[in-house]
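Student: Before we discuss the ligand and the backbone, could you put the model in front of us?

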Amino acid sequence: MAACPIDNKSIRPIIYAAGKCRMIDQRRLPTEEVWLEYDNYTEVAEAIRSMVVRGAPAIGVAAAFGAWFGARDIASESSAEFMRQFEEVCAHLAATRPTAVNLFWALERMKTFARANLDRSVMELKIGLEYEALAIAEEDERLNRTLGKNGARLIADGARVLTHCNAGALATGGYGTALGVLRAAVEAGKKISVVADETRPFMQGARLTAWELQKDNIPVTLICDNMAGYLMSKGEIDSVIVGADRIAANGDVANKIGTYTLAVLAKEHKIPFYVAAPLSTIDMSLGDGSLIPIEERDEQEVTHVGGVQLAPTGVAVRNPAFDVTPARLISAIITEAKVVEGDFSQGLAALFAG
Ligand code: MRU
């Protein structure tokens with residue numbers, strides 16, 4: 001993989017080498033650190049669907065490698081036939097999870113590369129697609145580091161920062177978005193502490209954010225989701241920072257279920273509410289958040305915890321995996337290009353102008 005300016009201790013959820021990628025099984029963290037090996041696109045698609053790998057940018061990186069595996073295994077020597085089969089590979093990967101736009105962004109980037117190079121031999125196309133997947137992975141980590149530096153100025157020395165779900169290294173190519181901002185604040189010498197929501201039902205906060213922050217020696221306190229309002233009312237939270245799965249053109253943000261509730265609470269308590277995400281998470285084709293498709297997941301994630309049934313058999317269940325936070329509740333959107341504040345429609349449009 002192309003060189004990254006990182007130390008060897010950095011957590012990365014996907015490691016590519018010699019035509020295979022290894023992914024840490026995020027369903028089993030933090031009690032087991034199990035790496036699974038992938039070298040074909042149908043298995044990568046299943047890894048995304050079943051949440052071996054999760055988090056918007058990480059899903060994009062995994063999909064890019066999946067697309068490359070699919071491309072590599074296409075037998076035809078005709079570019080037109082190659083492209084037809086490659087579109088099918090990408091469609092299969094795209095059908096895994098609907099909300100995080102990074103999945104579609106990464107696949108579109110792979111297809112755009114292929115279409116632009118159809119005059120080359122299929123062999124050359126394949127080599128180019130491998131490089132494109134590697135570039136997507138490497139850029140994501142690098143951009144997160146820039147994003148982190150941009151956002152760190154918003155985090156005061158001594159701040160107690162609440163976060164939700166996992167928008168860390170595990171959710172990205174490396175370093176993280178929301179946790180990237182917190183890492184950058186620590187690297188800038190600020191003494192901060194983090195409050196992590198457990199994030200029912202999949203427990204990304206309890207299992208993944210707490211694990212990542214502990215590994216980095218960043219002080220972290222775990223709470224159940226329904227404790228956030230109490231802590232805010234007691235003056236124990238100075239700011240909230242979350243990642244995003246898709247940001248609409250007007251600044252509405254789809255993120256892990258429970259994010260909207262936190263944003264309403266933060267507004268009530270006059271606590272700044274920040275969203276950190278790379279440009280690849282911004283979907284300028286959608287005018288507002290009502291157009292973002294929201295994934296509904298298996299009922300069993302709600303009725304069971306750790307495989308143990310808690311709810312009565314047959315009870316009606318809802319399990320939307322994401323919600324939409326209206327732009328009016330958001331203080332700033334932190335990207336690798338700049339921190340957007342104020343009128344998000346204008347600010348986001350300016351990022352993509354020209
Ligand atoms: O269902 P998940 O775990 O894929 O959801 C992840 C989130 O909602 C993250 O907050 C979001 O993807 C930002 S990750 C940098």
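Tutor: Let us begin with a definition: domain bounds come from an automatic or database domain assignment, and a residue is near a molecule if one of its heavy atoms lies within 4 Å of it. Please keep in mind that this is a predicted model.

Student: From which domains does the shell around the ligand draw at least three residues each?

Tutor: The assignment places one domain at residues 2-144 and another at residues 154-352. Each of them gives at least three residues to the shell around the ligand, and the two are domain 1 and domain 2.

Student: Which residues come nearest to the ligand, and how are the shell residues divided by class?

Tutor: By class, the shell has eight nonpolar, seven polar and four charged residues. Of the 19 residues around the ligand, those that come nearest are R54, Q204, D245, N255 and K256.

Student: Which residue has a side-chain N or O atom 2.8 Å from an oxygen atom of the ligand?

Tutor: Some of the polar contacts come from the backbone: a backbone N or O atom of G55 lies 2.9 Å from a ligand oxygen, and a polar backbone atom of A56 is likewise 2.9 Å from an oxygen atom of the ligand. The side-chain contact at 2.8 Å, again to an oxygen atom of the ligand, belongs to R97.

Student: How much of the ligand's surface does the protein bury?

Tutor: Taken alone, the ligand exposes 420 Å². Of that area, the share that the protein buries is 100%.

Student: Which elements give two or more residues to the shell around the ligand?

Tutor: The space taken by the ligand is the largest cavity. The elements that contribute two or more residues to the shell are a helix spanning 56-72 and a strand spanning 253-256, namely α2 and β9.

Student: Turning to the backbone, which residue pairs are joined by a cis peptide bond, with omega of about 5° in one and about 0° in the other?

Tutor: Most peptide bonds are trans. P30 is placed in the loop between β2 (20-24) and β3 (35-38), while P201 lies in the loop between β5 (193-197) and α7 (204-215). The bond with omega of about 5° joins L29 and P30, and the bond with omega of about 0° joins R200 and P201.

Student: What is the phi of A18?

Tutor: Most residues other than glycine have a negative phi. A18 lies in the loop between β1 (14-17) and β2, and its phi is positive, near 50°.

How values were computed:
Residues numbered from 1 in each chain as written. Predicted model: local features only at pLDDT ≥ 70, side-chain atom pairs only at ≥ 80, totals over all residues. Heavy atoms only, no water. Polar contact = N/O pair within 3.5 Å; in protein donor to acceptor, adjacent residues only side chain to side chain. Areas by Shrake-Rupley, 256 points an atom, 1.4 Å probe, with all protein chains shown as cover. 1 Å grid on protein atoms, 1.4 Å probe; cavity = no way out; pocket = protein on both sides within 12 Å on 5 of 7 lines; lining within 4 Å. Sits in = over half its atoms within 2 Å of the grid points. Helix = DSSP H or I, 4+ residues; strand = E, 2+ residues; numbered from the N terminus. Nonpolar A, V, L, I, M, F, W, Y, C, P; charged D, E, K, R; others polar.
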